[in-house]
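User: Please choose a single part of this structure and take me through it closely, step by step. I am a first-year student, so kindly explain each term where the reasoning depends on it.

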Amino acid sequence: MNTRGLRSQLRDSVPVTGMGPQVGAYGVQDTLRSGFSSVKNELLPSHALELSEKNFQLNQDKMNFSTLRNIQDLHAPLKLQMEYRAARQIQRLPFLQSSHLALDTLKGNDESISFEDILNDPAQSEMMGEPHIMVEYKLGMM
């Protein structure tokens with residue numbers, strides 16, 4: 001495998017947020033929230049298609065927005081992006097799983113059954129923690 005081509009592909013791609021370890025208040029990785037880190041996992045994806053799969057929805061949205069802009073001018077994608085942003089902000093408390101039903105309805109994902117619908121059971125989530133600590137962390141009090 002040509003690593004030079006992969007590096008340029010990583011550099012030219014859209015950055016994916018949340019891939020790196022979370023840094024706590026003292027500049028040290030927050031192992032409780034983000035788990036153990038591996039230098040290998042932070043440098044390169046484990047498979048050639050992993051980067052493409054992570055950016056699939058983002059690339060699909062960009063393509064849809066550019067098509068919408070060409071057909072209906074600039075106001076249509078801007079209005080749709082504002083609606084997406086407003087729907088993303090509607091959430092439950094940090095320690096409860098949020099379904100993002102409004103966002104799924106806007107994107108048209110409410111009529112399809114996908115992998116996450118079956119195997120993303122909130123009762124089996126590893127994210128469950130102390131509610132008071134999670135709310136304080138979300139509000140920036142901690």
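Analyst: Accessible surface is computed here with the Shrake-Rupley method and a 1.4 Å probe. By this method the protein chain has an accessible surface of about 12,000 Å², and carbon and sulfur atoms account for 56% of that area. The model is predicted.

A few words on the whole chain will place the chosen part. The protein chain contains nine helices and zero strands, so read from the N terminus its elements run α-α-α-α-α-α-α-α-α. Of its 142 residues, 9% count as buried, a word that stands for a relative accessible area under 20%. Among contacts with a separation of 6 or more, 43% join residues 24 or more positions apart.

The part chosen for the close look is the meeting of α5 and α6, together with the link onward to α7. Helix α5 covers residues 56-72 and α6 covers residues 75-89, with a loop between them. The axes of the two helices come within 7 Å and cross at roughly 140 degrees. Helix α5 is therefore oblique to α6: the label "roughly antiparallel" is kept for angles over 145 degrees.

Which residues of α5 and α6 meet? On the α5 side they are Phe 65, Leu 68, Arg 69 and Gln 72. Their partners in α6 are His 75, Ala 76, Pro 77, Leu 80, Gln 81 and Tyr 84.

Leu 68, in helix α5, shows how this meeting looks from one side chain. Leaving aside neighbours within four places in sequence, Leu 68 is in contact with Asp 73, Ala 76, Pro 77 and Leu 80. For the pair Leu 68 and Leu 80, twelve residues apart in sequence, the C-alpha atoms are 9.9 Å apart. Leu 68 nevertheless counts as partly exposed, since its relative accessibility is 22% and the limit for buried is under 20%.

One of these partners, Asp 73, belongs to the loop between α5 and α6. Its phi is near 80 degrees, a positive value in a residue other than glycine. This deserves notice because most residues other than glycine have a negative phi. Asp 73 is also exposed, as its relative accessibility is 52%.

On the α6 side, attention turns to Tyr 84, which lies in that helix. Is Tyr 84 buried or exposed? With a relative accessible area of 8%, Tyr 84 is buried. Not counting residues up to four places away in sequence, Tyr 84 touches Phe 65, Leu 103, Leu 106 and Lys 107. Phe 65 belongs to α5, while α7 spans residues 101-107. Tyr 84 and Leu 103 are 19 residues apart in sequence, yet their C-alpha atoms are 6.3 Å apart in space.

Lys 107 leads to a further link between helices. Its side chain meets that of Asp 61 in a salt bridge, with 3.5 Å from N to O. Asp 61 lies in α5 and Lys 107 in α7, so this pair ties together parts that are 46 residues apart in sequence. The two partners differ in exposure: Asp 61 is buried at 14% relative accessible area, whereas Lys 107 is partly exposed at 26%.

The structure holds two salt bridges, and another one joins the side chains of Lys 54 and Glu 50, also at 3.5 Å from N to O. Here both residues lie in helix α4, four residues apart, about one turn of the helix. Lys 54 is partly exposed at 42%, and Glu 50 is partly exposed at 25%.

The loop between α6 and α7 completes the path. Ser 98 is found in this loop and counts as buried at 19% relative accessibility. Apart from residues up to four places away in sequence, Ser 98 touches Ile 90, Gln 91 and Arg 92. His 100 is in the loop between α6 and α7 as well. The phi of His 100 is near 55 degrees, a positive value in a residue other than glycine, and His 100 is partly exposed at 26%.

In summary, α5 meets α6 through side chains that include Leu 68 and Tyr 84, Tyr 84 also touches Leu 103, Leu 106 and Lys 107, and Asp 61 and Lys 107 form a salt bridge.

Methods: Residues numbered from 1 in each chain as written. Predicted model: local features only at pLDDT ≥ 70, side-chain atom pairs only at ≥ 80, totals over all residues. Heavy atoms only, no water. Buried < 20%, exposed > 50% of the residue type's maximum accessible area, 1.4 Å probe, protein only. Axes fitted to C-alpha atoms, helices over the stretch in contact; angles between N-to-C directions. Parallel < 35°, antiparallel > 145°, perpendicular 65-115°, else oblique. Contact = heavy atoms within 4.5 Å. Salt bridge = Lys/Arg side-chain N within 4 Å of Asp/Glu carboxyl O.
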